[in-house]
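Visitor: I have a model open in front of me and would like to learn how to read its features one at a time. Could you walk me through it?

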Amino acid sequence: QVQLVESGGGLVQPGGSLRLSCAASGSMLSINAMGWYRQAPGKQRELVANIMRGGSTTYADSVKGRFTISRDNAKNTVYLQMNSLKPEDTAVYYCNGVIRRVGVRGYDDYWGQGTQVTVSS
């Protein structure tokens, strides 16, 4: 099974920055898409940013201009650079990947454990 390992969460002051990382384990993985979702208490999980295999990206309106998603294909890693953080960005951030092993038919949907991001003074 593919495992997504997240890092980079923590406590930051409003206006600060954090960089989240998510690495997919395994060798010869074929990644169709990877992205970040978040869930705040009492709210539904929402898409934050996504990057497709071809490089196209999608962002939630609330983070456009502040967050940037990127990838390192050689490391099977996706990043989320979060700038100008606001208290409303506080949530558990989950890495998501649509991934298959090379030579194996079918993609599977994987989720990371989640990392807490807290924006507070």
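Guide: Gladly, and let us start with a pocket. This is a predicted model, and its largest pocket is lined by 14 residues, with Ile-31, Arg-53, Arg-71, Asn-73 and Asn-76 nearest the centre.

Visitor: Which elements give two or more residues to that lining?

Guide: They are β4 (29-39), β5 (46-52), β7 (67-72) and β8. The biggest share comes from β4, which gives five residues. The space in this pocket is about 190 Å³.

Visitor: How does the lining of the largest pocket divide by class?

Guide: Seven of the lining residues are nonpolar, four are polar and three are charged.

Visitor: Asn-76 was among the residues nearest the centre. What is there to read in its phi?

Guide: The general idea comes first: most residues other than glycine have a negative phi. In this structure, Asn-76 has a positive phi, near 50 degrees. Asn-76 sits in the loop between β7 and β8.

Visitor: Is Asn-76 buried or exposed?

Guide: Buried is the word for a relative accessible area under 20%. Asn-76 has 14% relative accessibility, so it counts as buried.

Visitor: Where does Ser-84 lie, and what is its phi?

Guide: Ser-84 belongs to the loop between β8 and β9. Its phi is also positive, at about 50 degrees, although Ser-84 is not a glycine. With 41% relative accessibility, Ser-84 counts as partly exposed.

Visitor: Let us stay in that loop. How should I read Asp-89?

Guide: A good habit is to ask where a residue sits, how accessible it is, and what surrounds it. Asp-89 is in the loop between β8 (77-82) and β9 (91-101). Its relative accessible area is 0%, so Asp-89 is buried.

Visitor: What does the side chain of Asp-89 make polar contact with?

Guide: Its partner is the side chain of Arg-38, at 3.0 Å. In addition, a polar atom of the Asp-89 side chain lies 2.8 Å from the backbone nitrogen of Lys-86.

Visitor: And which residues is Asp-89 in contact with, leaving aside its neighbours within four places in sequence?

Guide: Those are Arg-38, Arg-66, Phe-67, Ser-84, Val-117 and Val-119. Ser-84, the residue with the positive phi, is thus on the contact list of Asp-89.

Visitor: Which residues line the second largest pocket?

Guide: Asp-89 is one of them, and the others are Arg-38, Ala-40, Lys-43, Gln-44, Glu-46, Ser-62, Arg-66, Lys-86, Glu-88, Thr-90 and Ala-91. By class, the lining has two nonpolar, three polar and seven charged residues. The volume of this second largest pocket is about 160 Å³.

Visitor: Asn-83 is in the loop between β8 and β9 too. What is it in contact with, leaving aside its neighbours within four places in sequence?

Guide: Asn-83 is in contact with Gly-16, Ser-17, Arg-66 and Phe-67. Arg-66 and Phe-67 also appear among the contacts of Asp-89. The side chain of Asn-83 makes a polar contact with the side chain of Gln-81, at 3.0 Å. Its relative accessible area is 29%, so Asn-83 is partly exposed.

Visitor: How can I read a pair that is apart in sequence?

Guide: Set the separation along the chain beside the C-alpha distance. Pro-41 and Ala-91 are 50 residues apart in sequence, with 7.3 Å between their C-alpha atoms. Pro-41 is in the loop between β4 and β5, and it counts as exposed because its relative accessibility is 77%.

Visitor: Could we also read a residue within a strand?

Guide: Take Ser-21, in strand β3 (residues 18-24). Ser-21 is buried, with a relative accessible area of 18%. Beyond its neighbours within four places in sequence, Ser-21 is in contact with Val-5, Glu-6, Ser-7, Trp-36, Val-78 and Tyr-79.

Visitor: Now the whole chain. How many helices and strands does the protein have?

Guide: There are zero helices and eleven strands. The radius of gyration is 14 Å, close to the 14 Å from the globule rule for 121 residues, so the protein is as compact as a globular protein of that length. Its C-alpha atoms fill a box of roughly 50 × 25 × 25 Å along the principal axes.

Visitor: What share of the residues is buried?

Guide: Buried residues make up 40% of the 121. As for contacts between residues at least 6 apart in sequence, 55% join residues at least 24 apart.

Definitions and conventions
Residues numbered from 1 in each chain as written. Predicted model: local features only at pLDDT ≥ 70, side-chain atom pairs only at ≥ 80, totals over all residues. Heavy atoms only, no water. Helix = DSSP H or I, 4+ residues; strand = E, 2+ residues; numbered from the N terminus. Buried < 20%, exposed > 50% of the residue type's maximum accessible area, 1.4 Å probe, protein only. Polar contact = N/O pair within 3.5 Å; in protein donor to acceptor, adjacent residues only side chain to side chain. Contact = heavy atoms within 4.5 Å. 1 Å grid on protein atoms, 1.4 Å probe; cavity = no way out; pocket = protein on both sides within 12 Å on 5 of 7 lines; lining within 4 Å. Points joined across faces, edges and corners; volume = space filled by probe spheres on them. Nonpolar A, V, L, I, M, F, W, Y, C, P; charged D, E, K, R; others polar. Rg over C-alpha atoms; globule rule 2.2 N^0.38 Å.
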